Amino acid sequence: MRGGTVQINWHDLQPVLSLDFHPASRRLATAGADHDVKIWVIGSDGSGEKLPTATFQSGLSPNGTAHSSAVNVIRFSPSGEFLASGADGGGIILWKLHSTEDGEAWKVHKTLLFHHKDVLDLQWSHDGAFLVSASVDNSCIIWDANKGTVQQKLEGHLHYVQGVAWDPLGQYIASMSSDRTCKIYANKPQGKSKNSEKINFVCQHTLVKVEYQSHDESKPPVKSHLFHDETLPSFFRRLAWSPDGSFLVLPAGLSKHSSEVINTAYIMSRRDLSRPAIQLPGASKAIVAVRFCPVLFSLRGSNSDGLFKLPYRVVFAVATLNSLYVYDTESVPPILIHAGLHYAAITDIAWSSDAKYLAVSSRDGYCTVIEFENEELGQPHILSGAKPVEGNINCGNKKPLMADSVEVDVGASKVKMDTSPAAVEVTLPPVLAENIPLRTAEPAEGNVTSENKKAPTVDCMDVDVADSKVETVPGPMAEVTPPPVSTKNSTSSKPTKKRITPIAIN
């Protein structure tokens, strides 16, 4: 494994707000505050000594003829034929890939206009027929991608909607807002339209607060908010479903224990989306984005302490404002931590379709690319009915598995989630109830986000399993290359403290 900040002019030294890999190639699309969307080809020299390279291929908004404001999110369709981009002002553009004499070109296919304020996040349905967008106008809109029309408007949030995720099995849509809630919408079709059921998403759960038992048993339980409020120094709360649809990971989590405040992410079991099933270990800064690796991996069988009971390993990345954590479902601690990657806040995460590359964008105007060696993350798991592919694995066309439940194993006791009615206030996740110690590494000091909010620092969460204390430390990590100092006079990329070179955390 090797990686670091690729020191090129990504978007005229302006913030890079989103990025996404093409599902059938190593093309990387980036979006920035310069109003442009750019396509890059990610590669390496094969020597294993130098950082991955990014070669500019094309810009989608020449001379500002498309978006006229900052582009906050971009996502390729599952087939790779289309690219959706959402920007300030509420505009969404669908780009279509065309073959030309010079190779290929992305041209405007449709313009979707209905949001009247900034679009912050969007995601395609698994079949590419629809997409859902999240906006500062407090709403989500489901679009018919073929017609370019509004299919349904989801209202109910009281503040900016900063993240949205479409269940790969098509049954749910989840949204997160700075009103400190997460809403789960279930599809309950009504009638038929041209021989197909008309989608109709209805809010099934609203997650707001969690109930903690007081240390003094004579006192009533304490209720606390699950998520950060609108003062979170980020415009994004990018949540994500696992590729098989078995669980959902929610960023921007906030957990309070007595006087301690812990930044966390919550894992929701598909079987019970009314309450968190697992709480990830505390991070030093708020978590703003989650992204799953599209490749499933075979079990290694070396760790029986995993909290998931799945027939394969699922790998996902979690980004805080200044650090990157990579987890898998077979182990408790993260398998990779990169700290102090950027001068300003991280904005998005993307995996290549073959799990070879993991990319991160930042408001400091640069992107970090991490390259994994062959099978470094594990042996790809071949689903039943799928043919094995040598070399890089592309899971873009694989049909996700139906997962009815996620079993959580804490110590020797299993906790299996059962379906419960919709709930506004949720109970304590079992991992915290069992009090398991999970240690996370501290990022290098001197890394300052573009926003001036100081986040609380938590070094460790103590965990007791069957009265025996266990302390876990992060897995192997690699050193990273610090980003270059921007010469442009910009408040979003200029550090306010002396920078300390990031080092590997052991």
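Here is a guided walk through the strands, salt bridges and nonpolar cores of this structure.

The model is a predicted one, in which local features need pLDDT of at least 70, side-chain atom pairs count only at pLDDT 80 or more, and totals for chains, interfaces and linings use all residues. Residues are numbered from 1 along each chain as its sequence is written, and side-chain values use heavy atoms, with hydrogens and water left out.

Let us start with the sheets. Strands here are DSSP runs of E with at least two residues, numbered from the N terminus, and two of them pair if DSSP finds at least two bridges between them. Strands of a sheet pair through backbone hydrogen bonds, either parallel or antiparallel. One open sheet has four strands in the order β22-β23-β24-β25, with antiparallel pairing. Its edges are β22 (240-241) and β25 (278-279); each has a single partner strand, so one side of each is left without a neighbour in the sheet. Further in, β23 (residues 247-257) and β24 (residues 260-269) run antiparallel and are joined by nine bridges. If you would like a pair to click on, Val249 has Ile267 in β24 as its bridge partner.

Another open sheet of four strands follows the order β26-β27-β28-β29, and its pairing is antiparallel. Here β26 and β29 (336-339) take the edge positions with a single partner strand each, so one side of each lacks a neighbour in the sheet. On average, neighbouring strands of this sheet are turned by 15 degrees against each other, direction ignored; the axes behind that angle are lines fitted to C-alpha atoms, and angles run from 0 to 180 degrees between N-to-C directions. Five bridges join β26 to its antiparallel partner β27 (residues 315-320), and Val290 stands opposite Val318 in β27.

Strand β26 also leads us to the charged side chains. The structure holds 14 salt bridges, each being a side-chain nitrogen of Lys or Arg within 4 Å of a carboxyl oxygen of Asp or Glu. In one of them, the closest N and O atoms of Arg291 and Asp20 are 2.6 Å apart. Arg291 belongs to β26 (residues 287-292) and Asp20 to β2 (residues 16-21), so this pair ties together parts that are 271 residues apart in sequence. Are these two partners buried or exposed? Arg291 is buried, with a relative accessible area of 18%, and Asp20 is buried at 5%; buried means under 20% relative accessible area, exposed over 50% and partly exposed in between, using a 1.4 Å probe and protein chains only.

Glu104 forms a salt bridge with Arg27, with 2.8 Å between the closest N and O atoms. This pair links strand β9 (residues 103-112), home of Glu104, to strand β3 (residues 27-32), home of Arg27, 77 residues apart. Glu104 is partly exposed, at 27% relative accessible area. There is also a network of salt bridges that links Arg75, Asp121, Arg238 and Asp348.

Finally, the nonpolar cores: each is a set of buried Ala, Val, Leu, Ile, Met, Phe, Trp, Tyr and Cys residues joined through side-chain atoms within 4.5 Å. The largest has 45 residues, of which Leu250, Leu324, Trp351 and Leu358 touch the most other members. Apart from it lies another core of 25 residues, including Phe292 and Val318, and Val318 is the residue that Val290 stands opposite.
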